[in-house]
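Please look over the sequence and the fold shown below. The report that follows walks through helices, sheet, core and charged pairs.

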Amino acid sequence: MTTVQTLIDERDINRGLSSFARILDQKRWDDLPTVFARHLTFNYGSAGEQEGMQALEAQMRQYLDVCGGTQHLIGSILVNVDGDRAESRAYVQARHQRRDDPAGAIFDSTGEYRDRWERRPEGWRIVRRDAIWFLHSGDPGVLAAEESQLG
């Protein structure tokens, strides 16, 4: 039976996922702890199993600090709440544009975020994320630092 509290919890988790997309697109790295627990574990695929907020920020910055504008769309969200724990599955479509080239190359990633959440005193936080990528298209060089940027 669905309770009002369950609906509130689902709404809060949905808002957390939406906030995460905006944090990435606005490169507000200091706001990552508003969505993730400081001692999280995660796997985004390319670097394998990782843990901690510092590693998460480094993972995000590695790709997003070298590209231009991005748009992360998160949808088809399923949330299952069980007391102070929850699981969510959400599709993600992430578009990345080449830096300083608004009409230039783009790179798209499409996949799913599979998250485990815990209710904390400060609210719901992701304690585990697995990013499952279905496909990539476009120019992957959009996400790579060029020699002139490494200078």
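Start with the helices of this predicted model. Helix α1 covers residues 4–26 and lies across β1, β3, β4 (85–97), β5 (106–120) and β6 (123–138). Its direction runs at about 160° to that of β3. Helix α2, residues 53–64, also packs on the sheet. There α2 touches β1, β2, β3 and β4, and its direction makes about 60° with that of β1.

**The sheet**

How many strands does the sheet have, and in what order do they stand? There are six, in the order β2-β1-β6-β5-β4-β3. The sheet is open and its pairing is mixed. Two strands stand at the edges: β2 (49–51) and β3 (70–82). Each has a single partner strand, so one side of each is left without a neighbour in the sheet. On average, neighbouring strands are turned by 20° against each other, direction ignored.

Strands in a sheet are joined by backbone hydrogen bonds, in a parallel or an antiparallel way. Strand β1 (residues 36–43) shows both kinds of pairing. With β2 it pairs in the antiparallel sense, over three bridges. With β6 it pairs in the parallel sense, over four bridges.

Now follow single residues across these pairings. N43 stands opposite E49 in β2. T41 stands opposite E51 in β2, and T41 also stands opposite R128 in β6. The hairpin of β1 and β2 has five residues between the strands. In this hairpin, G45 takes a positive phi near 100°.

**Helix α2 and its cover**

Helix α2 has twelve residues. From its first C-alpha to its last it reaches 16 Å, close to the 16 Å expected at 1.5 Å a residue. Which residues of α2 are buried? They are M53, A55, L56, Q59, M60 and L64. An α-helix has 3.6 residues a turn, so residues three or four places apart point the same way. The cover over the buried residues of α2 includes α1, β1, β2, β3 and β4.

**The nonpolar core**

Nonpolar side chains tend to be buried together in soluble globular proteins. Here the largest nonpolar core has 30 residues. Those with the most contacts inside this core are F20, L32, F36, Y44, L56 and W117. Several elements contribute: α1, β1, α2, β4, β5 and β6 each supply at least two residues.

Take L32 as an example. Leaving out residues up to four places away in sequence, L32 touches F20, I23, M53, L56 and E57. Among these partners, M53 and L56 are buried residues of α2.

Next, turn to V92, in strand β4. Is V92 buried or exposed? V92 counts as buried, because its relative accessibility is 2% and the cut-off for buried is under 20%. Again leaving out residues up to four places away in sequence, V92 touches L73, I74, S109, T110, G111, E112, Y113 and W133. The contact with W133 spans a gap in the chain. V92 and W133 are 41 residues apart in sequence, yet 8.9 Å apart in space, C-alpha to C-alpha.

**Charged pairs**

Side chains of opposite charge can pair when their charged atoms come close. A search of the whole structure finds 15 salt bridges. The table lists some of them.

| Salt bridge | Closest N to O distance |
|---|---|
| D12 and R11 | 2.9 Å |
| R85 and E118 | 2.8 Å |
| E112 and R114 | 2.7 Å |

How far apart in sequence are R85 and E118? R85 lies in strand β4 and E118 in strand β5, so the pair ties together parts that are 33 residues apart in sequence. R85 is exposed, with a relative accessible area of 54%.

The other pairs have their own settings. D12 is partly exposed at 31% relative accessible area, and R11 is partly exposed at 46%. E112 is buried, with a relative accessible area of 6%. Its partner R114 counts as partly exposed, at 36% relative accessibility. Salt bridges can also share partners: in this way D9, D84 and R119 are joined into one network.

Terms used. Residues numbered from 1 in each chain as written. Predicted model: local features only at pLDDT ≥ 70, side-chain atom pairs only at ≥ 80, totals over all residues. Heavy atoms only, no water. Pairing = 2+ DSSP bridges. Axes fitted to C-alpha atoms, helices over the stretch in contact; angles between N-to-C directions. Contact = heavy atoms within 4.5 Å. Salt bridge = Lys/Arg side-chain N within 4 Å of Asp/Glu carboxyl O. Buried < 20%, exposed > 50% of the residue type's maximum accessible area, 1.4 Å probe, protein only. Expected span 1.5 Å × (residues − 1). Core = buried A, V, L, I, M, F, W, Y, C linked by side-chain atoms within 4.5 Å.
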